[in-house]
Amino acid sequence: MKMAIAAAVLLASFVAAHAADPPKVQPTPVANIDTTITGQRIVVPTKPDVIVATALFPPGARLPVHKHLYPHYVYVTLGTLTVVNIETHTTRRFQAGSFIAEPVNTWHYGVNNENGPLTVLVIDQVPHGMKGNMVTKP
């Protein structure tokens, strides 16, 4: 009988200890990339500043024709981003959940051609002290 009580106490303490374990974090990979959407190898400046911003594109909104001098990453959080490369005359669409590296030193623009809003998270890696990473076409 003493053995059964000891086993029950041991089992109860084991169950209580495991019940107190916090839930486990379960990461979901988003992307693992080393090239831009045009196939350019991503080259990061030495000791870069990282600039992070969000942007909301209402239906029909578009950026001016521009290029990035350094890596520019985009995570589409809502809607569909259309990227138009004016040098190659190609158009690519990226839906919510897409993570991309836009082309470097290539004239292009982003547009929301859909009926609903588009939101994106953008990340730039630029030389220390640089304020932005977008050069608009004159």
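The exercises below, each with a worked solution, concern a predicted model.

**Exercise 1. Overall composition**

State how many helices and strands the chain has, and in what order they run.

Solution. Step one is the count: the chain has one helix and nine strands. Step two is the order. Starting at the N terminus, the elements run α-β-β-β-β-β-β-β-β-β. Step three adds two values for the whole chain. Of its 138 residues, 28% are buried. Among contacts between residues at least 6 apart in sequence, 77% join residues at least 24 apart.

**Exercise 2. The open sheet**

Determine the strand order of the open sheet of four strands, and find which strands are its edges.

Solution. Take the pairings one by one.

- S1 and S8 run antiparallel and are joined by nine bridges. One pair of residues to inspect is Leu-56 and its bridge partner in S8, Thr-119.
- S8 also pairs with S3, in the antiparallel sense, over six bridges. Here Val-74 has Val-122 in S8 as its bridge partner.
- S3 pairs in turn with S6, again antiparallel, over three bridges. Tyr-75 is matched with Phe-99 in S6.

Put together, the order is S1-S8-S3-S6, with antiparallel pairing. The edge strands are S1 (49–57) and S6 (99–101), each of which pairs on one side only. From one strand to the next, the twist averages 20°.

**Exercise 3. The nonpolar cores**

List the residues of the largest nonpolar core and say which strand gives the most to this core.

Solution. First, the members. The core has eleven residues: Ile-37, Phe-57, Val-74, Val-76, Leu-81, Val-83, Phe-94, Ile-100, Leu-118, Val-120 and Val-122. Second, the strands. At least two residues come from each of S3 (72–78), S4 (80–85) and S8. S8 gives the most, with three residues.

Third, follow one member outward. Leaving aside residues up to four places away in sequence, Val-74 touches Leu-81, Ser-98, Phe-99, Ile-100, Glu-102, Val-120, Leu-121 and Val-122. A second, separate core has five residues, among them Val-65, Trp-107, Tyr-109 and Val-111. As a general background, nonpolar side chains in soluble globular proteins tend to be buried together.

**Exercise 4. The salt bridges**

How many salt bridges does the structure hold, and which residues form them?

Solution. The structure holds two salt bridges. Take each in turn.

In one, Asp-34 is joined to Arg-41, with the closest N and O atoms 2.6 Å apart. Asp-34 counts as partly exposed because its relative accessibility is 41%. Arg-41 has a relative accessible area of 56%, so this residue is exposed.

In the other, Glu-114 is joined to Arg-93, with the closest N and O atoms 2.8 Å apart. This pair links distant parts of the chain: Glu-114 is in the loop between S7 and S8 (118–126), Arg-93 is in strand S5 (residues 90–95), and the two are 21 residues apart. Glu-114, at 27% relative accessibility, counts as partly exposed. Arg-93 is partly exposed as well, with a relative accessible area of 48%.

**Exercise 5. His-108**

Is His-108 buried or exposed, and what does its side chain contact?

Solution. Begin with location: His-108 lies in strand S7 (residues 108–111). Next, accessibility. The cut-off for buried is under 20% relative accessible area. His-108 is at 1%, and therefore counts as buried.

Then the contacts. The side chain of His-108 makes a polar contact with that of His-68, at 3.4 Å. Beyond four places in sequence, the residues touched by His-108 include Pro-64, Val-65, His-66, Lys-67 and His-68. Val-83, Val-84, Asn-85 and Ile-86 are also touched by His-108, as are Glu-102 and Pro-103. Two of these residues have appeared above: Val-83 in the largest nonpolar core, and Val-65 in the second one.

**Exercise 6. Asn-113**

Where is Asn-113 found, and how far is this residue from Leu-81 in sequence and in space?

Solution. Asn-113 is found in the loop between S7 and S8. With a relative accessible area of 52%, Asn-113 is exposed. Asn-113 and Leu-81 are 32 residues apart in sequence, and 7.8 Å apart in space from C-alpha to C-alpha. Leu-81 itself belongs to the largest nonpolar core.

Notes
Residues numbered from 1 in each chain as written. Predicted model: local features only at pLDDT ≥ 70, side-chain atom pairs only at ≥ 80, totals over all residues. Heavy atoms only, no water. Buried < 20%, exposed > 50% of the residue type's maximum accessible area, 1.4 Å probe, protein only. Polar contact = N/O pair within 3.5 Å; in protein donor to acceptor, adjacent residues only side chain to side chain. Contact = heavy atoms within 4.5 Å. Salt bridge = Lys/Arg side-chain N within 4 Å of Asp/Glu carboxyl O. Core = buried A, V, L, I, M, F, W, Y, C linked by side-chain atoms within 4.5 Å. Pairing = 2+ DSSP bridges. Axes fitted to C-alpha atoms, helices over the stretch in contact; angles between N-to-C directions.
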